[in-house]
Structure formats: C-alpha cells, structure tokens
Amino acid sequence: MMTPQQPAVASPLPSVYQAGGDRTAVIAFRAFRDMYRAGYVAYATARLGTHELAERVVEDSLTALAVRWSATLGCSHPAAMAWRLLAACVDDAEGTPLPCPGDRICGSDAHVLRDHLRMDIGRASDLMGLTRGEFLVALHSAGRPAVECCGNQQPSGAA
C-alpha cells in the first residue's frame, strides 16, 4: 500500500493557523485583521484602481502576515510591520519599483490615506503603524502627491 508523500516545502516560521498554535495568537491575529482589513482594502483600491484586485492583494498580504504573526508580535510596532508588508504587496501588484527603500516611512502612502481617502490623522496613522507625529512628518516631508498616485480614482469618503 502506498502512502501519500508530504510536500517537501519547509516553512521557516509557524503560521497562526497550524495545528497546536497558540490560541491567544490566533485570536490576536483575527482581531488585528478585523480592525485593519477595511482600511487596507481602501488603500489598495486607491493604489490599484480595482476593488477585486485590491481584495486579492490584501488577502495575500494578510496570509503572509499570518505566517509571520508570532514574529511580528515580538516587534515593537506590529502594525508598522504589517503596513510595510501590505505596501510591498501593493507595489508588487502595481508593478512599480519600491518607492520607499528599507525601513523608511513612505510619505506617498500617507498622502493616499489622508488626501485621497480623506482619512482622519488618527485612523491613517494607526493603519500605517505610526504615531500621529510620525504620520504628520511623513505627510509633510513628501510634499504634495502627484494626481497619478491613485490611478483614475476620484477622492472618496473616509474609510
């Protein structure tokens, strides 16, 4: 009798969904996802131009975050780590080079949230994992965004 072979793919970091995972970590991830997902989708839609593509990109980034969740919780700013992952996934889907190398805060992201989506500073800074002060510095240091930053979308209400 033949037994099925398990895939030879090794995962260096345990996922929150793996059997035997820490229940508290799973609950924390689900709460994080529920709190941030709508804002992430609004941002991705503004950048990518279509809601369907934005949904897929956000799901991909949240899945990647789930795999890294335990390590992310060990960081001093988990929401900032999650934002960098999301922004990288959106950049990849958009086919643009990474506009913000390394750990630098990206002012263009701040402009998308504040100027295009009309989010209040508190909500926008929370989404990016920044303090209000850090968000304001990012917003003002990048200057005014180009109209093209958000595709052909018109400004929408707060997310």
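Student: How do I read the packing of helix H6 (residues 121-128) against helix H7 (residues 132-141)?

Tutor: Here is the general idea: two packed helices are described by the angle between their axes and the distance between the axes. In this predicted model, the axes of H6 and H7 come within 9 Å and cross at roughly 95 degrees. That makes H6 roughly perpendicular to H7, because angles of 65 to 115 degrees count as roughly perpendicular.

Student: Which residues of H6 and H7 meet?

Tutor: From H6, look for Ile121, Gly122, Ala124, Ser125 and Met128. Their partners in H7 are Arg132, Phe135 and Leu136.

Student: And what lies in the loop between H6 and H7?

Tutor: Thr131 is found there. Its relative accessible area is 43%, so Thr131 is partly exposed. You can also compare positions along the chain with positions in space: Thr131 and Ile121 are 10 residues apart in the chain, and their C-alpha atoms are separated by 9.6 Å.

Student: What are the distance and angle between the axes of H4 and H6?

Tutor: Those axes come within 6 Å and cross at roughly 80 degrees. H4 and H6 are therefore roughly perpendicular to each other. At the contact, Ala79, Ala80 and Trp83 of H4 meet Asp126, Leu127 and Met128 of H6. Met128 is also listed among the H6 residues that meet H7.

Student: How do the axes of helix H5 (residues 107-116) and H7 cross?

Tutor: They come within 7 Å and cross at roughly 100 degrees. That makes H5 roughly perpendicular to H7. On the H5 side you will find Gly107, Ala110, His111 and Arg114, while H7 contributes Phe135, Ala138 and Leu139. Phe135 is one of the H7 residues that meet H6, too.

Student: Is H5 mostly covered or mostly open?

Tutor: A good way to judge is to count residues with under 20% relative accessible area, the cut-off for buried. H5 is mostly covered, with eight of its 10 residues buried. These are Gly107, Asp109, Ala110, His111, Val112, Leu113, Asp115 and His116.

Student: Which helices do the buried residues of H5 pack against?

Tutor: They pack against H1, H4, H6 and H7.

Student: What should I notice just after H5?

Tutor: Check the backbone angle of Arg118, which takes a positive phi of about 60 degrees just after H5. The value is worth pointing out in a residue other than glycine. Arg118 sits in the loop between H5 and H6. At 47% relative accessibility, Arg118 counts as partly exposed.

Student: How do I read the length of helix H2 (residues 51-67)?

Tutor: Compare the reach of the helix with the span expected from its residue count. H2 has 17 residues and reaches 24 Å from its first C-alpha to its last, close to the 24 Å expected at 1.5 Å a residue.

Student: Which residues of H2 are buried, and what do they pack against?

Tutor: The buried ones are Ala54, Val57, Val58, Ser61, Leu62, Ala64, Leu65 and Ala66. They pack against helix H1 (23-48), helix H3 (69-73) and helix H4 (78-94).

Student: Could we follow one residue on the H4 side?

Tutor: Take Leu85, which lies in helix H4. Its relative accessible area is 19%, so Leu85 is buried. Leaving aside neighbours within four places in sequence, Leu85 is in contact with Ser61, Ala64, Leu65 and Arg68. The C-alpha atoms of Leu85 and Leu65 are separated by 7.5 Å, with the two residues 20 apart along the chain.

Student: How many disulfides does the structure hold?

Tutor: It holds zero disulfides. If you want to look at cysteines, Cys75 counts as partly exposed at 27% relative accessibility. Cys89 is partly exposed as well, with a relative accessible area of 21%.

Student: Now for the whole chain: how many helices and strands are there?

Tutor: The chain has seven helices and zero strands, so its elements run α-α-α-α-α-α-α from the N terminus on. Of its 159 residues, 37% count as buried. The accessible surface comes to about 9400 Å², and carbon and sulfur atoms account for 57% of that.

Student: What share of the contacts join residues at least 24 apart in sequence?

Tutor: Among contacts between residues at least 6 apart in sequence, the share is 67%.

Technical notes: Residues are numbered from 1 along each chain as its sequence is written. This is a predicted model: local features need pLDDT of at least 70, side-chain atom pairs count only at pLDDT 80 or more; totals for chains, interfaces and linings use all residues. Side-chain values use heavy atoms; hydrogens and water are left out. Helices (H or I, at least four residues) and strands (E, at least two) are DSSP runs, numbered from the N terminus. The expected span of a helix is 1.5 Å times one less than its number of residues. Buried means under 20% relative accessible area, exposed over 50%, partly exposed in between (1.4 Å probe, protein chains only). Contact means heavy atoms within 4.5 Å. A disulfide is a pair of cysteine sulfur atoms within 2.5 Å. Accessible areas come from the Shrake-Rupley method with a 1.4 Å probe; for residues, only the protein chains shown count as cover. Axes are lines fitted to C-alpha atoms, for helices over the stretch in contact, and angles run from 0 to 180 degrees between N-to-C directions. Angles under 35 degrees count as roughly parallel, over 145 as roughly antiparallel, 65 to 115 as roughly perpendicular and the rest as oblique.
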